[in-house]
Amino acid sequence: MSKPIWIRHAAQLATLAQSSKGPRIKEQMSELSILKDGSLWIEDGIIEAVGTSAQLAEKYKDRVEEAEIIDATGHLITPGLVDPHTHLPYGGSREREFEMRLEGATYMEIMNAGGGIHSTTRMTRQTPEDELVVQAKRRLDSFLKHGVTTVEAKSGYGLDVENELKQLRVVKRLNEEHPTDIIPTFMGAHAVPVEFKGREEDYVDLIINEMLPAVASEKLAVFNDVFCEVGVFTPEQSERILEAGKKYGLIPKIHADEIEPYGGAELAAKIGAISAEHLLKASDEGIEKMAEAGVIACLLPATALFLREEAAKGRKMIDAGVPVAISTDCNPGSSPTTSMPLVMNLACISMRISPAEALTAATYNAACAIGMEEKVGSLEVGKQADIVLWNVSNYQELQYLFGVNHVKSVWKKGVSVI
């Protein structure tokens, strides 16, 4: 057995503990369950007790000498951040496209000319699996340094059976080799590859009849995601792919209404998706239907900033009763960042989400968006000891001092990793 850890005297311990289950909505997103002079007792990677420092001093008065004591005086403690939408394993880089967009080219123009997702697909296909592991591990290390202890990771840069499986095997290997929890998503429907141009229905059939069975046979994914967008996959094609994935036990997610209003939010509600991502152009009807169905809106403010687009209507979604999560959307084309602290800042600045709501969106609701809320996302007895100690004294300061990485220390399953 490992030595117990006692973290004590936090200026604020934001536990995010609540009695209600499921993703949090409306005013629930502002309830952080903060303890002043907060304290945690950890054993074998699990939180054994949460309370004030005085309460835990009394509870463990006979065991203090055996514990490793961490003094958190003057610091904020939160759950480890959860990033519920990343494109973690990929080859190459696309900095030239960033320059092209600044010169006036749009995201879809670049993609339709063979760049964008197609460019990364070429580089990912050419990159050996071992090298993809090395590159993705560097990104995971950077996530940890920014307080992120759990991430979702999508395929979608292979776009054929062999290379989609390669990406997902990279995720599986990293789950075994890296301290971060990584939740895999199959996204063969990220784009129609260039070799299928003009034969889009044939590619949909390939996903349904070959890719999905292969992914399921190796148990390489938990979720199935589709880019439902004009010029990519239609709502009808997206529904076919997501319904086919359900037959293999894959939970539907959907990239929805990013570039144009296209009915993606409505489709997410119709098929019972766990989450809908992006949603910059989601209609009022789509927002209403998502609220009714309990679909989590996974919003990506860094992507909007990088593409110089207006951010999603986060304030409106929360007020409408949609549970909101936020994410980096870490990918080489539209959001090459691993900074969830920056994403929280941007959620406040560009979407009028409050500092408390932003923290909930980056922890508990983000965990709900990838089915991990029973293990991570809040600091409660029985959960994994995924903890961040910040160089600020309160949660408002964390969002107020923007563009800065305030991480002091990170524990994953009770092990110090930063």
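This passage walks through a run of parallel strands with their connecting helices, and then through helix H13, in a predicted model.

Strand S10, spanning residues 251-256, is a handy place to start, since it pairs with a strand on each count below. Five of the six residues in S10 are buried, leaving the strand mostly covered. One partner is S9 (residues 223-228), which lines up with S10 in the parallel sense over four bridges. Within that pairing, Phe223 sits opposite Ile251 of S10. To get from one strand to the other there is helix H8 (residues 235-246), and S9, H8 and S10 together form a right-handed β-α-β unit.

Strand S11 (residues 275-278) is another parallel partner of S10, again joined to it by four bridges. Here His255 has Glu277 in S11 as its bridge partner. The chain gets from S10 to S11 by way of helix H9 (residues 264-271), and this β-α-β crossover is right-handed too.

Further along comes H13, a 12-residue helix covering residues 340-351. From first C-alpha to last it reaches 15 Å, close to the 16 Å expected at 1.5 Å a residue. Nine of its 12 residues are buried, so H13 is largely enclosed by the rest of the structure. Among those buried are Met340, Met344 and Met351, along with Pro341, Asn345 and Cys348.

Both ends of H13 have something to look at. At the start, a side-chain oxygen of Ser339 comes to within 3.1 Å of the backbone nitrogen of Leu342. After the helix comes Arg352, with a positive phi near 60°.

How values were computed. Residues are numbered from 1 along each chain as its sequence is written. This is a predicted model: local features need pLDDT of at least 70, side-chain atom pairs count only at pLDDT 80 or more; totals for chains, interfaces and linings use all residues. Side-chain values use heavy atoms; hydrogens and water are left out. Buried means under 20% relative accessible area, exposed over 50%, partly exposed in between (1.4 Å probe, protein chains only). Helices (H or I, at least four residues) and strands (E, at least two) are DSSP runs, numbered from the N terminus. Two strands pair if DSSP finds at least two bridges between them. A crossover is right-handed if, with the strands pointing away from the viewer, the path from the first strand over the helix to the second runs clockwise. The expected span of a helix is 1.5 Å times one less than its number of residues. A polar contact is a pair of N or O atoms within 3.5 Å; within protein, one must be able to donate a hydrogen and the other to accept it, and residues adjacent in sequence count only if both atoms are side-chain atoms.
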